[in-house]
Each structure stands twice: as structure tokens, then as C-alpha cells.
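Student: Could you take me through one part of this model closely, residue by residue? I would like to see how its contacts fit together.

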Amino acid sequence: MASRAPVATGRLMLGFRKWYYNLCGFNKLGLLYDDTLYEDADVKEALRRLPENVSNDRTFRIKRALDLSMKQQILPKDQWTKYEEDVNYLTPYLKEVIRERKEREEWMKK
């Protein structure tokens with residue numbers, strides 16, 4: 001029984017993540033997790049580095065979400081973003097920007 005505990009824990013955590021993802025509500029507006037990040041200087045630089053088609057898709061999702069929010073509506077359930085479909089499109093760019101900033105700060109200390 002002890003050997004099955006990590007598997008059960010992993011399934012439990014996945015279930016909790018899915019529950020929390022749906023509880024947040026941004027998926028009901030068709031947004032992805034990376035669409036909801038606070039736009040500080042690092043995020044703005046990462047957004048600047050996005051390919052044009054990815055940036056256009058992000059802009060469309062945000063405008064649609066703002067329109068739905070203004071109308072106090074949500075998308076039909078079949079159009080909600082599913083946990084499995086949520087792609088972290090901005091995260092690799094953001095990690096690179098943060099790494100470069102920290103490297104620059106370290107260089108300026110010397």
C-alpha cells in the first residue's frame with residue numbers, strides 16, 4: 001500500500017489543480033493562464049519578444065474576455081479553456097528575460 005501512495009497523491013494533486021483552474025474563472029472567458037499575468041517590466045519585455053501570431057492570438061483572447069466581462073456573460077461550456085489545453089506560451093520568454101535581468105544586475109555589481 002505504501003508504494004501506491006505517491007500515485008494516489010499525484011492523482012489527488014492533479015484533481016486539485018483542475019478544480020482550482022476551473023474555480024479561477026478565467027478559462028470561462030477563453031483566457032489562458034499566461035494571459036492573466038500582471039504586466040510588470042519583465043512581462044512587457046517577454047510580450048515584446050513573442051512571435052506576431054502568438055501576440056495576435058493573445059490580443060484576441062483578451063479583447064473577447066473584456067467584451068464578455070462587460071456584458072456579464074461567459075462563453076458556452078464547450079468553448080471554455082480546458083486545463084489540458086492551457087499552454088504556457090509566455091513562460092519560456094519570461095524566464096529568459098528574468099535570467100537576462102539577473103545576469104545584468106550581477107554584472108553591474110562588479
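Tutor: Happily; what follows is a walk through one cluster of side chains, and then through the surroundings that help to place it.

Please keep in mind that this is a predicted model. Let us start with Arg 61, which sits in helix α3, the helix spanning residues 52-70. Is Arg 61 buried or exposed? Its relative accessible area is 13%, and because buried means under 20%, Arg 61 counts as buried. Which side chain does the side chain of Arg 61 meet in a polar contact? The partner is Asp 35, at 2.6 Å. Setting aside neighbours within four places in sequence, Arg 61 is in contact with Gly 30, Leu 31, Leu 32, Asp 35 and Tyr 89.

That list leads us to Tyr 89, which belongs to the loop between α3 and α4. Tyr 89 is buried too, with a relative accessible area of 12%. The side chain of Tyr 89 is joined to the side chain of Asp 35 by a polar contact of 2.3 Å. So Asp 35 has a side-chain polar contact with Arg 61 and another with Tyr 89, while Arg 61 and Tyr 89 are themselves in contact. Along the chain, Tyr 89 and Asp 35 are 54 residues apart, yet their C-alpha atoms are separated by 9.2 Å. Beyond four places in sequence, the contacts of Tyr 89 are Leu 32, Asp 34, Asp 35, Leu 50, Val 54, Arg 58 and Arg 61. Leu 32 is worth marking in your viewer, since it appears among the contacts of Arg 61 and again among those of Tyr 89.

Now step along from Asp 35 to Thr 36, in the loop between α1 and α2. Here the relative accessibility is 39%, and Thr 36 counts as partly exposed. A polar atom of the Thr 36 side chain lies 2.6 Å from the backbone oxygen of Tyr 33. Apart from neighbours within four places in sequence, Thr 36 is in contact with Phe 26 and Leu 31. Leu 31 also touches Arg 61, and this gives a second route back to the starting residue. For a sense of scale, Thr 36 and Arg 17 are 19 residues apart in sequence and 17 Å apart in space, from C-alpha to C-alpha.

Staying in the loop between α1 and α2, we come to Asn 27. Asn 27 is buried, with a relative accessible area of 0%. If residues up to four places away in sequence are not counted, Asn 27 touches Tyr 21, Asn 22, Trp 80 and Thr 81.

Back in helix α3, two further residues can be set beside the buried Arg 61. Lys 63 is found in α3 and counts as exposed at 58% relative accessibility. Leu 66 is in α3 as well, and at 57% relative accessibility it is also exposed. The C-alpha atoms of Leu 66 and Leu 29 are separated by 8.5 Å, with their positions 37 residues apart along the chain. Lys 63 and Glu 100 are also 37 residues apart in sequence, but 31 Å apart in space, C-alpha to C-alpha.

Glu 100 takes us to the packing of two helices. Helix α2 (residues 41-49) and helix α4 (residues 91-109) pack at an angle of about 125°, with their axes 8 Å apart. That angle makes α2 oblique to α4, and α2 passes α4 in a right-handed crossing. From α2, the contact is made by Asp 42, Val 43, Glu 45, Ala 46 and Arg 49. From α4, the contributors are Tyr 93, Leu 94, Glu 96, Val 97, Ile 98, Glu 100 and Arg 101. By type, the residues of this contact divide into six nonpolar, no polar and six charged.

One last stop is Gln 72, in the loop between α3 and α4. Most residues other than glycine have a negative phi. Gln 72 is not a glycine, but its phi is positive, at about 55°. Gln 72 counts as exposed, at 76% relative accessibility. Tyr 89 is in the loop between α3 and α4 as well, but is buried.

Definitions and conventions. Residues are numbered from 1 along each chain as its sequence is written. This is a predicted model: local features need pLDDT of at least 70, side-chain atom pairs count only at pLDDT 80 or more; totals for chains, interfaces and linings use all residues. Side-chain values use heavy atoms; hydrogens and water are left out. Axes are lines fitted to C-alpha atoms, for helices over the stretch in contact, and angles run from 0 to 180 degrees between N-to-C directions. Helices (H or I, at least four residues) and strands (E, at least two) are DSSP runs, numbered from the N terminus. Angles under 35 degrees count as roughly parallel, over 145 as roughly antiparallel, 65 to 115 as roughly perpendicular and the rest as oblique. A crossing is left-handed if the near helix is turned anticlockwise from the far one by less than a right angle, and right-handed if clockwise. Contact means heavy atoms within 4.5 Å. Ala, Val, Leu, Ile, Met, Phe, Trp, Tyr, Cys and Pro count as nonpolar, Asp, Glu, Lys and Arg as charged, and the others, Gly among them, as polar. Buried means under 20% relative accessible area, exposed over 50%, partly exposed in between (1.4 Å probe, protein chains only). A polar contact is a pair of N or O atoms within 3.5 Å; within protein, one must be able to donate a hydrogen and the other to accept it, and residues adjacent in sequence count only if both atoms are side-chain atoms.
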